[in-house]
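User: Hello! I am new to reading protein models and would like to learn feature by feature. Could you guide me?

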Amino acid sequence: MLLFSTIIIISIISSIKIASEVETIKIQASNFIIDNLSQKQKLARIDKIIKMSTKYEQLSIKDRVFALRYFVFLNIGLDDIEKILPFLEVIKVIYILKLEDALEFFASFYFIILNSERRNLKESDLDNLVIHLKKTPMIPTDVIKIFISTSGIIIHKEKTLADYFDELNLYVTKGYNKEKIIEKFKLEYT
């Protein structure tokens, strides 16, 4: 009986600790949102987004609030964050990525669309990204590492995402490994 009581108390304390961390991250994120909303409205919108269930339910509430804060720090709008979270889960789960890698990948992708194509993110962009990842004949985690390492080149040289992946696929089919591909992109565009 004592063991059972101890387990219950530990579970309650852990739940309170997680809830406290989530609240702290939400407040921190709300302070960085550049919008004409009141603090209460920002927190309500954050709550709505982080409580949104995702298809596979593989992102915990702590993961979702951490991701939201990460994107808010990058000045990505709440509307776009709401679109990104379900795809973040897909990329994280299917390609077995750490949350931090998936976040960095999506941040790179977002800024490519914003700067190279000079428009806001559309859900079809996210679908196209998944298609590009599937079509690239390389381990997806390697493609993602290459993408993160070379995304600034795409923005700087105003390449489209399709052109980038065509070039990446060419390098892969020529037998280059990920380090050599990163080097080729950097040499070609610096």
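Analyst: Gladly! This is a predicted model. Let us start with one residue and its neighbours: setting aside residues up to four places away in sequence, Val172 touches Thr136, Pro137, Met138 and Ile181. Val172 belongs to helix 8.

User: Is Val172 buried or exposed, and why?

Analyst: Val172 counts as buried because its relative accessibility is 13%, and buried means under 20%. For a sense of distance, take Asp142, which is 30 residues apart from Val172 along the chain: the C-alpha atoms of the two are separated by 11 Å.

User: Now aromatic rings, please. How do I describe a pair of them?

Analyst: A pair of aromatic rings is described by the distance of the centres and the angle of the planes. This structure holds 12 aromatic pairs. One of them is formed by Phe147 and Phe165, with 5.9 Å centre to centre and 20° between the planes, and it is stacked. This pair links distant parts of the chain, with Phe147 in helix 7 (residues 140–157) and Phe165 in helix 8 (residues 161–173), 18 residues apart.

User: Are Phe147 and Phe165 buried or exposed?

Analyst: Phe147 counts as buried, since its relative accessibility is 0%. Phe165 counts as buried too, at 1%. Both rings also appear in one aromatic cluster, formed by Phe105, Phe106, Phe109, Phe147, Tyr164, Phe165, Tyr171, Tyr176 and Phe185.

User: How do I check the length of a helix, say helix 7?

Analyst: Compare an expected span with the model. At 1.5 Å a residue, the 18 residues of helix 7 should span 26 Å, and its end C-alpha atoms are 24 Å apart, which agrees. Helix 7 also bends, by about 50° at Thr150. Thr150 is among the buried residues of this helix, as are Asp142, Ile146 and Ile153.

User: What does the span of helix 4 look like?

Analyst: Helix 4 (residues 78–94) has 17 residues, which should span 24 Å at 1.5 Å a residue; its end C-alpha atoms are 24 Å apart, so the two agree. Helix 4 bends by about 30° at Ile84, and the proline Pro86 follows within four residues.

User: Which residues of helix 4 are buried?

Analyst: Here is the general idea: an α-helix has 3.6 residues a turn, so residues three or four places apart point the same way. In helix 4, the buried residues include Leu78, Ile81, Leu85 and Leu88. Charged residues appear among them as well, including Asp80, Glu89 and Lys92.

User: What about Arg64 and its charge?

Analyst: Arg64, in helix 3 (residues 61–73), is buried yet has no salt bridge. The nearest side chain of opposite charge is Glu89, 6.5 Å away, whereas a salt bridge needs a nitrogen and a carboxyl oxygen within 4 Å. Leaving out residues up to four places away in sequence, Arg64 touches Ile50, Lys51, Met52, Leu59 and Leu85.

User: Last one: what should I look for in phi?

Analyst: Most residues other than glycine have a negative phi. Asn75 has a positive value, near 60°, and is found in the loop between helix 3 and helix 4. Asn75 is exposed because its relative accessible area is 53%, and exposed means over 50%. Ile96, which follows helix 4, has a positive phi of about 50° although it is not a glycine. Ile96 lies in the loop between helix 4 and helix 5 (99–116), and its 73% relative accessibility makes it count as exposed.

Technical notes. Residues are numbered from 1 along each chain as its sequence is written. This is a predicted model: local features need pLDDT of at least 70, side-chain atom pairs count only at pLDDT 80 or more; totals for chains, interfaces and linings use all residues. Side-chain values use heavy atoms; hydrogens and water are left out. Helices (H or I, at least four residues) and strands (E, at least two) are DSSP runs, numbered from the N terminus. Buried means under 20% relative accessible area, exposed over 50%, partly exposed in between (1.4 Å probe, protein chains only). Contact means heavy atoms within 4.5 Å. The expected span of a helix is 1.5 Å times one less than its number of residues. The bend at a residue is the angle between axes fitted to the seven residues ending there and the seven starting there. Rings of Phe, Tyr and Trp (its six-membered ring) pair if their centres lie within 6.5 Å; planes under 30 degrees apart count as stacked, over 60 as edge-to-face and the rest as tilted.
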